[in-house]
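Got the model open in your viewer? Keep the selection tool handy and follow along.

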Amino acid sequence: MKAPKFSFAVLLLAVACGSPPAPKAEPLPTPKPSADAAKPAPAPEPWRNQRPPAGPASELHFPKPEQAKLSNGLSLMVVPKAMPVASLSLVFRHGAAACPPGKSGLASLTARLLTEGTRRHPGVKLAEEVEQLGTTLDEDAGRDSSSLSLSALTADLERAIGLLGEVVTEPAFLPADFERVQKEWLDGLRAERQAPERLASLTALGTLLGKPHGSPADGTLADVQKLTVKDLVDFHRKAYVAGDATLIVVGDVTLASVQKAAEAAFKKLKTGQATLEQAFTPPPAPSTKQILLVDRPGAVQSALALVQALPKRSAPGYEQRDLLTTLFGGLFTSRLNLNLREEHAYTYGAHAQNLATEHWGASYIATSVRTDVTADALKEALKELNLLKDPKLGKPIRPEEVARARADLVQSVGARLEYSGRVASTLADLWLHALPLDYYQRYPSLLAAETPDTLSRLATSIDVDHLIIIVVGDRAVIEAPLKALGYQVVAAPADLIE
């Protein structure tokens, strides 16, 4: 069926007449709020509207260990603590500082190979003995010490102490184990040298301290490649002696039980003490304003490190130096981080550390920033140091800054009490640095004695013009802006980062 046809005249008539207009919509009246609706609903928990007041400051109670000595001179430190697992740490007073020149990494590699096997339990058999105790055997070698540690049920205390004794008195030092561990060690050194932050650290401490003390505790590639099994055997024979050792046990144990087990376990340990540490003669501070640059072409970030020599750990004023460093760069709310991260968004974080060993100390400032703001970030870090050094520049140390830094340091000591292993490591520091057994009990009062005035006087010793400054980044992009700050920019010696 075809559709009906319409004439052109009919269509014109329809257009001319149009459609009737649509009625206009009348606006709806605005509802008037009721009296009840104008009032906000009451808070279901009104106490949430006010910040709760701070409670009373808790008092730090750090345990004082019980002490004894074995017949061969080995020291014992025992902290009874009601818990089913005991932490054991055997510490020797010789670490990287005892490595002869050209043999960096010797202390670390010796400690590592001790965990590879004994004459009674070579290789995997030692691992099986450790697993039978349901634990792991850990080793460490720092600047001032070498240590072995493990944890065990208190019911297995005698067996655990016996195993530690076997490890240090009957090491296997098998050539096959040494070759494997040495290769793994060298791979680790190569891997960590891919990190700009590590390169900055190696260059900074190497420049500040010189060799051998400025060599990394884990060793340089050149030195570790030259080490032999004989080197490890000789170091073990000289460094692992009873008079330079302490066994620390934290757990539900008694001093008498530890002493009895230790007498049997360590009776073969050589008696006496050894003086192995290398003499420390610091290099002179830079005579000109200089930046050592490690070139990383194409790097999108630059790693910065600024260091200055400080007194060693045993020198008076350690707590004061620690407090000032924390105030400046040890907290998220510290001056350095608030400037570089919060104010300028140059970095994810910046920090400062008070490094201190038996032979040297150092103020160490580090951060990583975008390549395009490398010079700006360095300028701001130096500005903050100058402001800290000279209160007349408009930023004197405030009481609230000191209070925050003090609280952080005290509470960090309290946090160590949560884990028996951390208690043991803290006691090891007391022993290594010959500190009084009640040192950490008196620690809050030592910090409380410091005021903005005492810290301001200490800050005047900051030598901004003679800092050792390291930058690891893209030289093509950052060299000119760094020179514009008034610094001579030179390539860092290659042997510092090998």
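Start with the whole chain in view. Take the contacts between residues at least 6 apart in sequence: 82% of them join residues at least 24 apart. Keep in mind that you are looking at a predicted model. Show it as a cartoon and you can count off 18 helices and 12 strands. The chain has a radius of gyration of 33 Å, well over the 23 Å that the globule rule gives for 498 residues, so it is more spread out than a compact globule. Turn the C-alpha trace along its principal axes, and the spans come to about 125 × 70 × 60 Å. As for burial, 47% of the 498 residues count as buried.

Now colour by pLDDT. The average over the chain is 92, and 91% of the residues score at least 70. Then select residues 1–20, where the pLDDT is below 50. Beyond near neighbours in sequence, that stretch makes 0 contacts in the model.

Next stop: the second largest pocket. Select Glu-158, Gly-162, Leu-163, Ala-264 and Ala-265, which lie nearest the centre of this pocket among its 20 lining residues. Two elements give two or more residues each to the lining, α5 (157–169) and α10 (255–265). Which of the elements supplies the largest share of the lining? That is α5, with 8 residues. The pocket has a volume of about 340 Å³. Colour its lining by residue class and you get 6 nonpolar, 5 polar and 9 charged residues.

Stay around α5 and step along to Phe-173, in the loop between α5 and α6 (175–192). Check the backbone here: phi is near 50 degrees, a positive value in a residue other than glycine. Is Phe-173 buried or exposed? With a relative accessible area of 9%, Phe-173 falls under the 20% cut-off, so it counts as buried.

Carry on to the loop between α7 (196–209) and α8 (221–226), and pick out Pro-212. Display the bond that joins Lys-211 to Pro-212: this peptide is cis, with omega about 5 degrees.

From there, jump to Ala-345, which sits in the loop between α12 (335–343) and β9 (350–356). Its phi is near 55 degrees, another positive value in a residue other than glycine. How accessible is Ala-345? The relative accessibility is 49%, so Ala-345 counts as partly exposed, a class that runs up to 50%.

Last stop: the enclosed spaces. Rolling a probe the size of a water molecule over the atoms shows where empty space is left. In this structure there are 4 cavities of 30 Å³ or more. Go for the largest cavity, which has a volume of about 230 Å³. To centre your view on it, select Leu-310, Leu-324, Thr-325, Ser-363 and Ile-462, the residues nearest its centre out of the 17 that line it. Then highlight β8 (301–310), α11 (318–330), β10 (361–370) and α13 (374–389), the elements that give two or more residues to this lining. What does the lining of the largest cavity look like by class? Colour it and you will find 12 nonpolar, 4 polar and 1 charged residues.

Methods: Residues are numbered from 1 along each chain as its sequence is written. This is a predicted model: local features need pLDDT of at least 70, side-chain atom pairs count only at pLDDT 80 or more; totals for chains, interfaces and linings use all residues. Side-chain values use heavy atoms; hydrogens and water are left out. On a 1 Å grid over the protein atoms alone, a cavity is a set of points where a 1.4 Å probe fits but cannot get out, and a pocket is an open set with protein on both sides within 12 Å along at least five of seven lines; lining residues have an atom within 4 Å of a point. Grid points are joined across faces, edges and corners, and a volume is the space filled by probe spheres set on the points. Helices (H or I, at least four residues) and strands (E, at least two) are DSSP runs, numbered from the N terminus. Ala, Val, Leu, Ile, Met, Phe, Trp, Tyr, Cys and Pro count as nonpolar, Asp, Glu, Lys and Arg as charged, and the others, Gly among them, as polar. pLDDT is the predictor's confidence in each residue, from 0 to 100. Contact means heavy atoms within 4.5 Å. Buried means under 20% relative accessible area, exposed over 50%, partly exposed in between (1.4 Å probe, protein chains only). The radius of gyration is taken over C-alpha atoms; the globule rule is 2.2 Å times the number of residues to the power 0.38.
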